[in-house]
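Morning, everyone. Let's look at how the side chains pack and pair in this one. Here it is on the screen.

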Amino acid sequence: MSEIPENISPIVAYHSHIYFTEETRDIAVALNEELQDLFKIWDYRWLDYANGLHSTPMFRFAILKEDFARYVEWILTRRQGLNVLVHAITGDDYVDHSYLTLWLGEKLELGLEPMRKRSEELKAKGVTDHKSNVFLTGLDISQAGTIRYKAGDDSYKTRGITPVNP
C-alpha cells in the first residue's frame, strides 16, 4: 500500500494468520494447540491450501485487543520459523491487510486486489459505514474462548458463511 489511509476506524480486535507448508504443518498444529491454552480465540479458519488472498496454507483467528502485546511477545518466540501476519480488525479489510499489519518472518505477498477494488467501489458510492464479515465476527468477542479448535476446523464452514474476502 503506497498511500496512508485518510481515516482509520477504531480497532475492535486483531487477526493473526500463521502460514505453513506441508513440511511445517506439524509446527502449525502444535502452535494451534498451545495458543488455545493461553489465549481466548474465535473467528477461526484453517486452510490446507492457498487461496486468492493467501499464497500458502495458513490458519487464522481473532484475538482480543487486550491480548495483543502478550500474543505478539509469545508468537515471536514460538513461531519456529513460520511466517506470521498480525493485523487490526477495523471493518476495512483492505486497510487492515495492507496498512495495519505486523509481519513476523518473511512478508508474504497477499492477493489484495479484490479487497482494494471493493474498498474503492464502496468509497466511490459514498459508503463510509460498511463493515465486512471479518469485522462483524471480530466484533463478537462473546465467542472468544468458547470453542476449542483443531487443525482443519473452519468456522466459516460450520456456520455456513461464504466469506466475501476469504
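Start with F61. Its relative accessible area is 0%, so F61 is buried. One caution before going on: this is a predicted model.

What does F61 pair with? Its partner is Y71, and the two form an aromatic pair. The geometry is edge-to-face, with 5.8 Å centre to centre and 85° between the planes. F61 sits in strand β3 and Y71 in helix α2. They are 10 residues apart, and the pair links distant parts of the chain. Y71 also has a relative accessible area of 0%, so Y71 is buried too.

Now widen the view to the rings. There are 11 aromatic pairs by the rule used here. Take Y19 and W103. Their ring centres are 5.9 Å apart and their planes are at 20°; the cut-off for stacking is under 30 degrees, so this pair is stacked. Y19 belongs to strand β1, and W103 to strand β5, residues 101-104. That is 84 residues apart in sequence, so the pair ties those parts together. Are these two buried or exposed? Y19 is buried, at 2% relative accessibility. W103 comes in at 16%, and the limit for buried is under 20%, so W103 is buried as well.

Back to F61 and Y71 for a moment. Both belong to a cluster linked by ring pairs. Its other members are F20, F39, Y44, W46, F59, W74 and Y149.

Next, the nonpolar cores. In soluble globular proteins, nonpolar side chains tend to be buried together. Here, the largest nonpolar core has 32 residues. Which residues have the most contacts inside it? They are I18, L35, I41, F59, F61, Y71 and I75. Several elements give two or more residues to this core. The strands are β1 (13-19), β2 (41-47), β3 (58-63) and β4 (84-89). The helices are α1 (25-38), α2 (68-78) and α5 (133-139). Another core lies apart from it, with 11 residues. Y19 is among them, along with Y94, L108 and L110.

Look at I41 in the largest core. Leaving out residues up to four places away in sequence, I41 touches L35, Q36, F61, A62, I63, Q143, A144, G145 and Y149.

Last topic: charge. Side chains of opposite charge can pair when their charged atoms come close. How many salt bridges are there? The count comes to 8. R148 is the one to look at. Its side chain meets that of E33 in a salt bridge, 3.0 Å from N to O. R148 is in the loop between α5 and α6 (155-159), and E33 is in helix α1. They are 115 residues apart. R148 also forms a salt bridge with D37, where the closest N and O atoms are 3.0 Å apart. D37 is in helix α1 too, 111 residues from R148.

What about accessibility? R148 is partly exposed at 44%, and E33 is partly exposed at 32%. D37 has 57%, and over 50% counts as exposed, so D37 is exposed.

One more bridge: R70 with D67, at 3.3 Å, N to O. R70 is partly exposed at 41%, whereas D67 is buried at 11%. As for shared partners, E33, D37 and R148 are joined by their salt bridges into one network.

That's it from me. Over to you.

Conventions
Residues numbered from 1 in each chain as written. Predicted model: local features only at pLDDT ≥ 70, side-chain atom pairs only at ≥ 80, totals over all residues. Heavy atoms only, no water. Core = buried A, V, L, I, M, F, W, Y, C linked by side-chain atoms within 4.5 Å. Buried < 20%, exposed > 50% of the residue type's maximum accessible area, 1.4 Å probe, protein only. Helix = DSSP H or I, 4+ residues; strand = E, 2+ residues; numbered from the N terminus. Contact = heavy atoms within 4.5 Å. Phe/Tyr/Trp six-rings, centres within 6.5 Å; stacked < 30°, edge-to-face > 60°. Salt bridge = Lys/Arg side-chain N within 4 Å of Asp/Glu carboxyl O.
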